[in-house]
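User: I am new to this structure and would be grateful for a close look at one part of it. Please give a connected account.

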Amino acid sequence: MSESIHDTGLTDEICFTVSEEMLQQFAELTGDFSFLHINKVFGSAAGYRENIVHGMLPLMFLLEFETLQIPGESCRVVKAGAKFTNPVFIGEELDRKSTRL
């Protein structure tokens with residue numbers, strides 16, 4: 001049975017660990033070299049245990065969700081939301097979930 005754009009409720013999950021390399025590549029991609037993200041002394045002086053990851057970096061993984069990929073169909077994200085409740089640090093494992101509505 002093939003998927004269609006009308007198959008709602010399908011879920012997907014991605015787990016990954018944020019690496020130093022991811023942080024550097026994201027900074028290069030976006031041009032965001034804020035000291036809060038790349039300067040270890042500044043991150044510590046700003047009250048964090050170390051530099052914090054760019055808030056949008058974990059959201060980039062939305063593009064990997066299979067629930068957004070339907071063979072033979074063109075899909076687009078209509079709505080995406082995020083709550084930035086805690087800083088993310090290098091080495092943390094993140095778990096992202098998606099549900100097709």
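Is Phe33 buried, partly exposed or exposed, and why does it count as such?

Analyst: Phe33 counts as partly exposed because its relative accessibility is 37%, a value that falls between the limits of 20% for buried and 50% for exposed. This answer rests on a predicted model. As to its place in the chain, Phe33 belongs to the loop that joins helix 1 (20-30) to helix 2 (35-38). Together with Phe35, Ile38 and Phe42, Phe33 forms a nonpolar patch on the surface, with an area of about 370 Å².

Two members of that patch, Phe35 and Ile38, lead on to another residue, since both are among the contacts of Asn51. Asn51 sits in the loop between helix 3 (40-45) and strand 2 (93-99). With a relative accessible area of 5%, Asn51 is buried. Its side chain reaches two backbone atoms: the oxygen of Asn39 at 2.7 Å and the nitrogen of Lys40 at 3.2 Å. Beyond its neighbours within four places in sequence, Asn51 also touches other residues, including Leu36, His37, Gly43, Val88 and Phe89.

A word on confidence is in order. The protein chain has an average pLDDT of 80, and 77% of its residues score at least 70. Helix 1, which precedes the loop of Phe33, has the highest confidence at 93, whereas strand 2 has the lowest at a mean of 78. Residues 1-5 have a pLDDT below 50, although this stretch makes nine contacts in the model beyond near neighbours in sequence. Where pLDDT is low, predicted coordinates should not be read in detail.

Key: Residues are numbered from 1 along each chain as its sequence is written. Side-chain values use heavy atoms; hydrogens and water are left out. Patches are made of residues with over 30% relative accessible area and no salt bridge: like charges are joined within 9 Å, nonpolar side chains (Val, Leu, Ile, Met, Phe, Trp, Tyr) within 5 Å. Accessible areas come from the Shrake-Rupley method with a 1.4 Å probe; for residues, only the protein chains shown count as cover. A salt bridge is a side-chain nitrogen of Lys or Arg within 4 Å of a carboxyl oxygen of Asp or Glu. Helices (H or I, at least four residues) and strands (E, at least two) are DSSP runs, numbered from the N terminus. Buried means under 20% relative accessible area, exposed over 50%, partly exposed in between (1.4 Å probe, protein chains only). A polar contact is a pair of N or O atoms within 3.5 Å; within protein, one must be able to donate a hydrogen and the other to accept it, and residues adjacent in sequence count only if both atoms are side-chain atoms. Contact means heavy atoms within 4.5 Å. pLDDT is the predictor's confidence in each residue, from 0 to 100.
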